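Thanks for sharing this one with me. Here are a few friendly notes to read alongside the coordinates.

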Amino acid sequence: MDSTEPSISRFQPPLLDPKPKMTIQWQSDDTLTDALVTWLTEHPPDCRILFYSDSKKSLDSNTSDCPSGKDKSQIYTVIAQVIFENHPKYGSEYANGQKKFCDSVNNCITSLKNKYKPLKAKFSATGAGVVPLDDTSAKNLQEEVCHEFPWYKELDAIWHSNPSFAAKTISSKPGVDHAGDMYRLVHPHGRAGPSAHTRGAARAQPPPHITPLSHQLTDSQIDPCL
């Protein structure tokens with residue numbers, strides 16, 4: 001009788017495929033961008049830090065509110081928490097890796113900038129000079145732009161005075177600010193457009209899980225006056 005012990009098989013069971021990485025679907029879920037843009041429009045101090053190098057120049061620079069963080073990284077962290085912490089799809093993933101979501105907020109803002117700039121340039125003509133538009137033409141163009149990019153009005157209220165977003169043009173008449181006239185035509189009261197929460201029925205509303213910051217962040221979590 002063969003007393004040799006059976007050898008251990010050299011063949012190991014196949015390894016299970018690792019869990020696929022979750023991709024944050026900003027493009028297919030507009031409610032995420034709605035929540036992001038709404039946060040920006042409702043927090044001018046954050047916008048001063050995120051979009052203005054001197055941290056002072058903005059549409060509402062006289063506000064006494066404190067920013068959500070002392071630098072861009074901290075503000076991205078706060079925004080990511082507000083959007084994703086209790087999200088039904090991304091909440092569990094957010095709990096396991098918050099940095100990924102902070103980076104995603106930064107990337108989304110960069111994408112919004114890249115979409116905004118060429119649309120902003122449509123309101124100005126280069127070469128021979130800026131061609132001023134009348135009230136009707138300006139509104140028609142704005143409707144076209146907003147149809148293509150639903151967050152244009154909200155972001156224009158934040159970015160229109162930022163030199164890095166302005167189209168370089170030569171005025172047809174020296175000393176005439178057609179760009180300023182254009183902004184006053186499409187923003188007659190000099191204020192931001194309606195937030196993403198209150199746009200028309202054609203736009204989706206932010207998801208119900210997005211709650212006010214005061215309900216999500218406590219003083220022990222975020223110091224509002226860093």
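**Notes on the rings, the core and one loop residue**

1. Tyr90 and Phe101 are both buried. Please keep in mind as you look at them that this is a predicted model. The two rings form an edge-to-face pair, because their planes stand at 70 degrees, over the 60 that this class needs, and their centres are 6.3 Å apart. Tyr90 sits in the loop between H3 and helix H4 (91–96), while Phe101 belongs to helix H5, so the pair ties together parts that are 11 residues apart in sequence.

2. A second pair makes a nice companion to view. Phe123 and Tyr152 have ring centres 5.7 Å apart and planes at 20 degrees, so this pair is stacked. Here the loop between H5 and H6 provides Phe123 and helix H7 provides Tyr152, so the parts tied together are 29 residues apart in sequence. Phe123 and Tyr152 are buried as well.

3. How many aromatic pairs does a search of the whole structure find? There are 10. Ring pairs also join Trp26, Phe84, Tyr90, Tyr94 and Phe101 into a cluster, so you may like to display those five side chains together.

4. Now to the largest nonpolar core, which has 41 residues. Leu36, Leu40, Phe84 and Leu155 touch the most other members. Two or more residues each come from helix H1 (30–42), helix H2 (44–51), helix H3 (72–84), helix H5 (98–121), helix H6 (135–148) and helix H7 (152–159). Which residues does Leu40 contact, leaving aside its neighbours within four places in sequence? They are Cys47, Leu50, Phe51, Ile79, Leu155 and Ile158.

5. The packing of H3 with H5 deserves its own view. Their axes come within 8 Å and cross at roughly 100 degrees, and H3 and H5 are therefore roughly perpendicular to each other. From H3, the residues Tyr76, Thr77, Ile79, Ala80 and Phe84 meet Phe101, Cys102, Val105, Asn106 and Ile109 of H5. By class, the residues of this contact are eight nonpolar, two polar and no charged.

6. Finally, a look at Lys70, in the loop between H2 and H3. Is Lys70 buried or exposed? Its relative accessibility is 59%, so Lys70 counts as exposed. Asp46 is 24 residues away from Lys70 along the chain, and the C-alpha atoms of the two are separated by 9.0 Å.

Methods:
Residues are numbered from 1 along each chain as its sequence is written. This is a predicted model: local features need pLDDT of at least 70, side-chain atom pairs count only at pLDDT 80 or more; totals for chains, interfaces and linings use all residues. Side-chain values use heavy atoms; hydrogens and water are left out. A nonpolar core is a set of buried Ala, Val, Leu, Ile, Met, Phe, Trp, Tyr and Cys residues joined through side-chain atoms within 4.5 Å. Buried means under 20% relative accessible area, exposed over 50%, partly exposed in between (1.4 Å probe, protein chains only). Helices (H or I, at least four residues) and strands (E, at least two) are DSSP runs, numbered from the N terminus. Contact means heavy atoms within 4.5 Å. Axes are lines fitted to C-alpha atoms, for helices over the stretch in contact, and angles run from 0 to 180 degrees between N-to-C directions. Angles under 35 degrees count as roughly parallel, over 145 as roughly antiparallel, 65 to 115 as roughly perpendicular and the rest as oblique. Ala, Val, Leu, Ile, Met, Phe, Trp, Tyr, Cys and Pro count as nonpolar, Asp, Glu, Lys and Arg as charged, and the others, Gly among them, as polar. Rings of Phe, Tyr and Trp (its six-membered ring) pair if their centres lie within 6.5 Å; planes under 30 degrees apart count as stacked, over 60 as edge-to-face and the rest as tilted.
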